Amino acid sequence: MKRITLAFCAAVLLLSACNNKKKEDKDEVKKEEPKAWIPIDSLMMDKAWKEGMTMGEPHKMLAKCAGTWDGDVTMWMAAGAPPSTSKTTSVTTPVFGGLYQESKHSGNMMGMPFEGMSIMGYDNMKKEYFSTWIDNMGTGIYVFTGQWDDASKKLTMTGTMKCMNGQDGTMREVFTMTDDDHQTLEMYGPDPQTGKEYKNMEIKYTRKK
């Protein structure tokens with residue numbers, strides 16, 4: 001990678017010295033004009049507002065998550081590392097008339113008490129699912145967005161996180177609704193050593209009756 005970078009820089013300097021006109025032409029290239037604003041009238045606003053706040057099939061599907069769940073957690077600190085296991089309990093409650101699902105989680109992680117909270121929903125305007133996450137082991141918020149695959153009964157969402165090395169890393173979560181009483185959440189992220197994606201967590205949920 002270092003060799004490629006040096007070669008690229010050398011090529012850029014040589015090209016600049018030999019052909020100033022191309023640089024001038026490039027500088028004169030105009031930026032793409034933003035799309036013209038579409039005026040919003042009262043009828044358009046009323047229609048969009050109603051569509052945006054209407055509960056649809058995606059919200060009804062997520063409503064099946066409501067209840068109390070026992071979770072078996074398996075974590076891997078790096079690819080190939082031995083797993084650690086723990087227990088968690090989550091309580092999911094519909095909020096704002098069922099437009100969102102609020103989940104509060106509690107358990108232990110790395111020998112310490114753990115608490116977390118997520119909000120999950122479906123954005124009618126963007127036509128995508130989303131999930132947020134905060135917990136007592138950090139000060140940031142994770143935001144994931146994605147789509148549901150009806151054939152596999154899986155909801156796959158992606159987001160970004162700030163890694164320990166200060167770089168941005170891509171996170172991916174796969175939520176599987178096996179049936180009304182069993183769910184699985186799989187989390188994938190960058191390996192600490194290589195940066196390649198690996199499975200770092202799996203939670204198998206069973207509805208508490």
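Start by selecting Lys50 and Asp46: their side chains meet in a salt bridge, with N and O 3.3 Å apart. You are looking at a predicted model, so keep the confidence colouring within reach as we go.

**Stop 1: along a helix**

With that pair still selected, show the cartoon for residues 42–52, which is helix α3. Lys50 and Asp46 are 4 residues apart in this helix, so about one helical turn separates them. Now add a surface. Which of the labels buried, partly exposed or exposed fits Lys50? Its relative accessibility is 51%, and because the exposed class begins over 50%, Lys50 counts as exposed. Asp46, at 37%, counts as partly exposed.

**Stop 2: a link between distant parts of the chain**

Next, select Asp181 and Lys209. Here too the side chains form a salt bridge, at 3.3 Å from N to O. This pair links distant parts of the chain, as its members are 28 residues apart. To see where each one sits, colour β8 (168–179), β9 (182–190) and β10 (197–207): Asp181 is in the loop between β8 and β9, while Lys209 is in the segment after β10. On the surface, Asp181 is partly exposed, with a relative accessible area of 23%. Lys209 counts as exposed, at 83% relative accessibility.

**Stop 3: from strand to strand**

Keep the strands coloured and select Glu186 and Lys199. Their closest N and O atoms are 3.0 Å apart, and the two residues form a salt bridge. Glu186 lies in strand β9 and Lys199 in strand β10, so this salt bridge ties together parts 13 residues apart in sequence. Is Glu186 buried or exposed? With a relative accessible area of 14%, Glu186 falls under the 20% limit and is therefore buried. Its partner Lys199 is partly exposed, at 25%.

Now widen the selection by adding Glu202 and Lys204. What links these two to the pair you already have? Glu186, Lys199, Glu202 and Lys204 are joined in a network of salt bridges.

**Stop 4: the whole model**

Zoom out and clear the selection. How many salt bridges does the model hold in total? The count comes to 12, and the ones on this tour include Lys50 with Asp46, Asp181 with Lys209 and Glu186 with Lys199.

Finally, colour by pLDDT. The protein has a mean of 87, and 86% of its residues reach 70 or more. Then select residues 1–26, where pLDDT stays under 50. For this stretch the model has 1 contact beyond four places in sequence.

Note on methods: Residues are numbered from 1 along each chain as its sequence is written. This is a predicted model: local features need pLDDT of at least 70, side-chain atom pairs count only at pLDDT 80 or more; totals for chains, interfaces and linings use all residues. Side-chain values use heavy atoms; hydrogens and water are left out. pLDDT is the predictor's confidence in each residue, from 0 to 100. Contact means heavy atoms within 4.5 Å. A salt bridge is a side-chain nitrogen of Lys or Arg within 4 Å of a carboxyl oxygen of Asp or Glu. Helices (H or I, at least four residues) and strands (E, at least two) are DSSP runs, numbered from the N terminus. Buried means under 20% relative accessible area, exposed over 50%, partly exposed in between (1.4 Å probe, protein chains only).
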